[in-house]
Amino acid sequence: MLTVPRIKTARCVLTLLQNNDLQILLDYYRDNREHLSPWEPQRDSEYFTEFSMEKRLQASNELFANGGAVQLVACLRDEAVQDHEPKSLTASAEVIGVCNFTNIVRGPFQACNLGYSIAEKYQGQGLMREILSAGIGYMFNEHKLHRIMANYMPDNKPSEKLLASLGFATEGLAKSYLKIAGQWQDHILTSKISPADF
């Protein structure tokens, strides 16, 4: 049985949120709606409601329990998960970024997709790299994946630089790959192989 992760970095803690923590994740998406909109599918107003967030958190935890996804949030360490209550965040917690490992496939593939974002006010501080590095290590070490795939639009230079710094290798270009911000967009395909498999 998988244990809900609590991954500590120098400045952050990564964990899975429970339904009683839905408000802080809802605040993250509401506060960063404009900031994230160029890089995400179009979101209608329903996406930003408590009802929708509760359903997404429930689905996230079910996927984790079934081995289908690990959808992590990051908070600063002074807002860390309490030691005596591993499934609850402190009252002052603020989500600063998300790090989602989805579409986990086992068998001969042993791979997943990576998606991520960081709050606008925390950009440029190296936090996303710190969060992703810890999350990737967790997926390779605890979930024993072989490959993690991450894709980005060609004009997303910050993601290009970030993924390269984390050791992701470019594998190709997928034309009209995802509908982002209402338009079908090309994506650069990258992946990182577990160091244990070299």
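# Reading a predicted model, feature by feature

Modeller: Let's begin with Asn103, which has its place in strand β4. Keep in mind throughout that we are looking at a predicted model.

Colleague: Happy to start there! Is Asn103 buried or exposed?

Modeller: The general idea is a cut-off: a residue over 50% relative accessible area is called exposed. Asn103 has a relative accessible area of 52%, so Asn103 counts as exposed. Its backbone deserves a look too, as phi of Asn103 is near 55°, a positive value in a residue that is not glycine.

Colleague: Which value does phi take at Gln110?

Modeller: For Gln110, phi is near 50°, again positive in a residue other than glycine. Gln110 sits in the loop between β4 and β5. With 21% relative accessibility, Gln110 is classed as partly exposed.

Colleague: Let me step back. How many helices and strands does the protein have?

Modeller: There are five helices and eight strands. To read a fold, we can walk along the sequence and write down each element in turn. Here that gives β-β-α-α-α-β-β-β-α-β-α-β-β.

Colleague: And what radius of gyration does the protein have?

Modeller: The way to read that value is to set it beside what a compact globule would give. For 198 residues, a compact globule would have a radius of gyration near 16 Å, and the protein has 16 Å, so the two agree. You can also picture a box: the C-alpha atoms fill roughly 45 × 40 × 30 Å along the principal axes.

Colleague: What share of the residues is buried?

Modeller: Of the 198 residues in the protein, 46% are buried. The outside can be described as well: the accessible surface comes to about 10,500 Å², and 50% of that surface belongs to carbon and sulfur atoms. As for charge, the protein has 20 positive and 23 negative side chains, with the centres of the two sets 6 Å apart.

Colleague: What about contacts along the sequence, how are they spread?

Modeller: We take the contacts between residues at least 6 apart in sequence and ask what share joins residues at least 24 apart. In this protein, that share is 65%.

Colleague: Now the aromatic rings. How many aromatic pairs are there in the whole structure?

Modeller: A search of the whole structure finds three. One of them joins Tyr28 and Tyr29, which are edge-to-face, 5.1 Å centre to centre with 80° between the planes. The general idea is that a ring pair is described by the distance of the centres and the angle of the planes.

Colleague: Are Tyr28 and Tyr29 buried or exposed?

Modeller: Tyr28 is buried, and Tyr29 is buried too. Tyr29 also forms an edge-to-face pair with Tyr47, at 5.9 Å centre to centre and 85° between the planes. That pair links distant parts of the chain: Tyr29 belongs to helix α1 (residues 22-31), while Tyr47 lies in the loop between α2 (33-36) and α3 (50-66), 18 residues apart. Both Tyr29 and Tyr47 are buried. Together, Tyr28, Tyr29, Tyr47 and Phe48 form one aromatic cluster.

Colleague: Which residues of α1 are buried?

Modeller: They are Leu22, Ile24, Leu25, Leu26, Tyr28 and Tyr29. To read a buried face, ask what covers it. For α1, the cover includes α2, α3, β3 (70-76), β4 (95-105) and β5 (111-118).

Colleague: Can we try strand β2? Where does Cys12 lie?

Modeller: Cys12 is in strand β2, and its relative accessible area is 0%, so Cys12 is buried. Leaving out neighbours within four places in sequence, Cys12 is in contact with Ile7, Cys75, Leu76, Arg77, Ile96, Leu127, Glu130 and Ile131. Thr15 is in strand β2 (residues 12-15) as well, and Thr15 is buried with a relative accessible area of 3%.

Colleague: How many residues separate Thr15 and Val98 in sequence?

Modeller: They are 83 residues apart in sequence and 9.7 Å apart in space, C-alpha to C-alpha. Set beside that Cys12 and Tyr177, which are 165 residues apart in sequence and 32 Å apart in space, again C-alpha to C-alpha.

Colleague: One last residue: which residues does Ser194 touch?

Modeller: Ser194 lies in the segment after β8 (183-193). Ser194 touches Phe140, Leu145 and His146, not counting residues up to four places away in sequence. The cut-off for buried is under 20% relative accessible area, and Ser194, at 4%, therefore counts as buried.

Conventions:
Residues are numbered from 1 along each chain as its sequence is written. This is a predicted model: local features need pLDDT of at least 70, side-chain atom pairs count only at pLDDT 80 or more; totals for chains, interfaces and linings use all residues. Side-chain values use heavy atoms; hydrogens and water are left out. Helices (H or I, at least four residues) and strands (E, at least two) are DSSP runs, numbered from the N terminus. The radius of gyration is taken over C-alpha atoms; the globule rule is 2.2 Å times the number of residues to the power 0.38. Buried means under 20% relative accessible area, exposed over 50%, partly exposed in between (1.4 Å probe, protein chains only). Contact means heavy atoms within 4.5 Å. Accessible areas come from the Shrake-Rupley method with a 1.4 Å probe; for residues, only the protein chains shown count as cover. Lys and Arg count as positive and Asp and Glu as negative; His and the chain ends are not counted. The place of a charge is taken as NZ of Lys, CZ of Arg, CG of Asp or CD of Glu. Rings of Phe, Tyr and Trp (its six-membered ring) pair if their centres lie within 6.5 Å; planes under 30 degrees apart count as stacked, over 60 as edge-to-face and the rest as tilted.
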